[in-house]
Amino acid sequence: MSEMLDWVKARVRCCSCEGSLQSSRYVNMVALLKEATWKYPVHGNILVYPKYPTNRAVAVLCDRCIDQRREPKYAVEWDKDRTQVEYHRVEGLKDLAPIPESSSSASAGRGLGEGASSGEGVGKAGVRMMGGK
Ligand SMILES: [Zn+2]
């Protein structure tokens, strides 16, 4: 388990039930079809970046909410130094068009804003990346 995931579990609450993630096996990152006006964490896609340059918001959900297919109520934001966590109500964010499956499926994505560069991005054990609707 990476240091970053430990931090997420300790500091970030589930974006649906607002419960703790401590007992959750996975840190479930859900890509939202919403514009992120902040830097971390965001979901993007390097392959389609020229066409879809807008950063997309991410929600973190506990295993229970994933199993029960609950919708995220919030998108989560944290700062570069991970000293602050903020939540943004999903309905307050700007809608974005989905990226067509054909252009996004082949990519590894940019993953988490900070994760991509430090090797803690999408696909490592302990993180489940869920697509948007
Ligand atoms: Zn939950």
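Start with the largest nonpolar core of this predicted model. It has 24 residues. To find its best-connected members, select Cys15, Val58, Ala59, Val60, Leu61, Ala75 and Val76, which have the most contacts inside the core. Now colour helix H1 (3–11) and strands S1, S3 and S4: these are the elements that each give two or more residues to the core.

Next, pick out Val58 from that set. What does Val58 touch, leaving aside residues up to four places away in sequence? Show Met29, Val30, Ala31 and Leu32, then Pro41, Val42 and His43, and finish with Ala75 and Val76.

From here, bring up the open sheet. Four strands make it up, in the order S2-S3-S1-S6, and the pairing is mixed. Which strands stand at the edges? Select S2 (42–43) and S6 (127–130): each has a single partner strand, so one side of each is left without a neighbour in the sheet.

Stay with the sheet and select S1 (residues 27–35) together with S3 (residues 56–61). They run antiparallel, and five bridges join them. For one spot to zoom in on, take Asn28, which stands opposite Leu61 in S3. Leu61 is also one of the core residues you picked at the start.

Now move over to S4 (residues 74–78) and S5 (residues 85–89). This pair is antiparallel too, again with five bridges. Click on Ala75 and look across to His88, its bridge partner in S5. Ala75 should look familiar, being among the residues with the most contacts in the core. S4 and S5 form a hairpin with six residues between them. In the turn, stop at Arg82 and check its backbone: phi is positive, about 55°.

While you're on S5, select Glu86, which is found in that strand. Buried or exposed? Glu86 has 11 C-beta neighbours inside 10 Å, and 12 or fewer counts as exposed, so exposed it is. Draw a distance from its C-alpha to that of Val12: you'll get 8.9 Å, though the two residues are 74 apart along the chain.

Last stop: Leu96, in the loop between S5 and helix H3 (101–104). Leu96 has 17 other C-beta atoms within 10 Å, so this residue is partly exposed. Beyond residues up to four places away in sequence, Leu96 touches Leu33, Lys34, Glu35, Thr54 and Arg56. Add Tyr52 to the selection as well: Leu96 and Tyr52 are 44 residues apart in sequence, with 9.5 Å from C-alpha to C-alpha.

Methods
Residues are numbered from 1 along each chain as its sequence is written. This is a predicted model: local features need pLDDT of at least 70, side-chain atom pairs count only at pLDDT 80 or more; totals for chains, interfaces and linings use all residues. Two strands pair if DSSP finds at least two bridges between them. A nonpolar core is a set of buried Ala, Val, Leu, Ile, Met, Phe, Trp, Tyr and Cys residues joined through C-beta atoms within 7 Å. A residue is buried if 20 or more other C-beta atoms lie within 10 Å of its own, exposed if 12 or fewer, and partly exposed in between; C-beta atoms are placed from the backbone. Two residues are in contact if their C-beta atoms, placed from the backbone, lie within 7 Å.
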